[in-house]
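Colleague: I would like to learn how to read a model like this one feature by feature. Could you take me through it slowly?

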Amino acid sequence: MRAQEKRAVEAVTDHLVHLDLAPDALSLAQVIGTALGATGCALTIAGERHQWGRGAERWLSRPVEHDGEVQAVLAVAPESAGPVDSLATVLGPPLTALRLAAETDRLRRDGDAAARELVDDRWRTTVEMEQERRGLERDLHDGAQHHLVALKMSMALVEHTGATPERLAELESKLDAAEKALTDTAAGILPIPLSTQGLAGALAAELDAHADVSLDTAGFHRRYPPLVESTVYFACLEAVNNGHKHAPGATITVVVRDTARGLEFVVSDDGPGFAITDRNPGLPNLSARMATVGGTIDVRSAPGQGTTITGVVPR
């Protein structure tokens, strides 16, 4: 055995004796390469190469066997750093342990992947059901709730002014509208004006009954995909609902227009406003709805300065 190979055997033995954990292939390659005076050393275990140094010269490779089977491949550069026959014999047991650990880890990963594949369909179905549930929840919140808020306001007016036949007829009409909105939403049916007249017509049909709401669609001239129009429709209704709930008596303005950025809507009120903090940076339900079509929401408000909600769906 040459002196440098003997030094390498001793260095490997010393390295393994002082380890508290399982040997690390890359550290082991460094110990071998340094002891041999090599420019590079590589251990290929379970198909994975662990290389220390550059080893730009020709490499000398030697299989590492244990129990009659090849466990790994030892390679050093340059070739003159070899031979490494005795070193390969010493490396047999530790590299066997590394091979078994690597193959066990690979089997575990393959098993995990197989398990994930088996449950993939179940998870996909669960996710789709959850998305449907959330969509229905948003539609109920943004659409049907609009009618319920209007109904509540009418009831408060009746309570204040008295139950005249006209007021009772108005209450009955709003109750019918709320019931229809709930039924249609549960059935997944879009409001008829939205499908027949488009976004501008649907908003006009819904908001014209509110004396405190003005609608401006003069800058809106084109049709958008049904999903985009329905998303903006419900987003506008939710923003108006928020104005009714948090700024009662305020004047609410809704503007829908085409811009260079895309389809834009602005819902503003001259109510009391509020301070926007890190805890209430915007409207999470509204933001989630707009995100389904790649849109964004910007909320601007301050005490005494009203609130403005701007939404944009990019082209």
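**Reading sheets, rings and backbone**

Modeller: Let us begin with a single pair of residues, since Asp298 has Thr310 in β9 as its bridge partner. Please keep in mind throughout that this is a predicted model.

Colleague: How should I think about strand pairing, and how many bridges connect β8 and β9?

Modeller: In general, the strands of a sheet pair through backbone hydrogen bonds, and they do so either parallel or antiparallel. Here β8 and strand β9, which covers residues 307-314, are paired in the antiparallel sense over six bridges. They belong to an open sheet of five strands with mixed pairing, in the order β5-β6-β7-β9-β8. Its edge strands are β5 (213-216) and β8 (296-301), each of which pairs on one side only, and the twist from one strand to the next averages 10°.

Colleague: Which helices lie across strands of that sheet?

Modeller: Helix α6 (residues 198-207) lies across β5, β6 (252-258) and β7 (262-269), and runs at about 165° to β5. Helix α7 (residues 226-246) lies across β5, β6, β7 and β9, and its direction is at about 10° to β7.

Colleague: If I pick one residue of strand β9, say Thr307, is it buried or exposed?

Modeller: Thr307 is buried, because its relative accessible area is 11%, and the cut-off for that word is under 20%. The side chain of Thr307 makes a polar contact with the side chain of Ser301 at 2.9 Å. Beyond the residues up to four places away in sequence, Thr307 touches several others, including Val267, Phe274 and Val299.

Colleague: What is the strand order in the sheet of four strands, and how are those strands paired?

Modeller: That open sheet has the order β2-β1-β4-β3, with antiparallel pairing. Strands β2 (48-53) and β3 (60-66) stand at the edges with a single partner strand each, so one side of each has no neighbour in the sheet. The twist averages 20° from one strand to the next. Strand β1 (residues 40-45) is joined to β2 by six bridges, the two running antiparallel, and Leu43 has His50 in β2 as its bridge partner. Helix α2 (residues 25-36) lies across β1, β2 and β4 (69-77), at about 40° to β2.

Colleague: Turning to side chains, how do I read a pair of aromatic rings, and how many such pairs does a search of the whole structure find?

Modeller: A pair of aromatic rings is described by the distance of the centres and the angle of the planes. The search of the whole structure finds two aromatic pairs. In one of them, the rings of Phe220 and Tyr224 have centres 6.0 Å apart and planes at 10°, so the pair is stacked. For the rings of Tyr233 and Phe234, the centres are 5.2 Å apart and the planes stand at 75°, so that pair is edge-to-face. Tyr233 counts as buried at 3% relative accessibility, and Phe234 is buried with a relative accessible area of 6%.

Colleague: Which charged ends sit over the rings of Trp59 and Tyr224?

Modeller: The charged end of Arg49 sits over the ring of Trp59, 4.9 Å from the ring centre. Over the ring of Tyr224 sits the charged end of Arg222, at 4.2 Å from the centre of that ring. Tyr224 itself counts as buried, at 10% relative accessibility.

Colleague: Now the backbone: where are the cis peptide bonds that involve Pro78 and Pro83?

Modeller: One cis peptide bond joins Ala77 and Pro78, with omega about 0°, and another joins Gly82 and Pro83, again with omega about 0°. Pro78 is placed in the loop between β4 and α3 (85-161), and Pro83 lies in the loop between β4 and α3 as well.

Colleague: What is the value of phi at Ala46 and at Asp67?

Modeller: Ala46 has a positive phi of about 50° although it is not a glycine, and phi of Asp67, also a residue other than glycine, is near 55°. Ala46 is in the loop between β1 and β2 and is buried, with a relative accessible area of 17%. Asp67, in the loop between β3 and β4, is exposed, with a relative accessible area of 70%.

Technical notes:
Residues numbered from 1 in each chain as written. Predicted model: local features only at pLDDT ≥ 70, side-chain atom pairs only at ≥ 80, totals over all residues. Heavy atoms only, no water. Pairing = 2+ DSSP bridges. Axes fitted to C-alpha atoms, helices over the stretch in contact; angles between N-to-C directions. Contact = heavy atoms within 4.5 Å. Buried < 20%, exposed > 50% of the residue type's maximum accessible area, 1.4 Å probe, protein only. Polar contact = N/O pair within 3.5 Å; in protein donor to acceptor, adjacent residues only side chain to side chain. Phe/Tyr/Trp six-rings, centres within 6.5 Å; stacked < 30°, edge-to-face > 60°. Lys NZ or Arg CZ within 6 Å of the ring centre and 35° of its normal.
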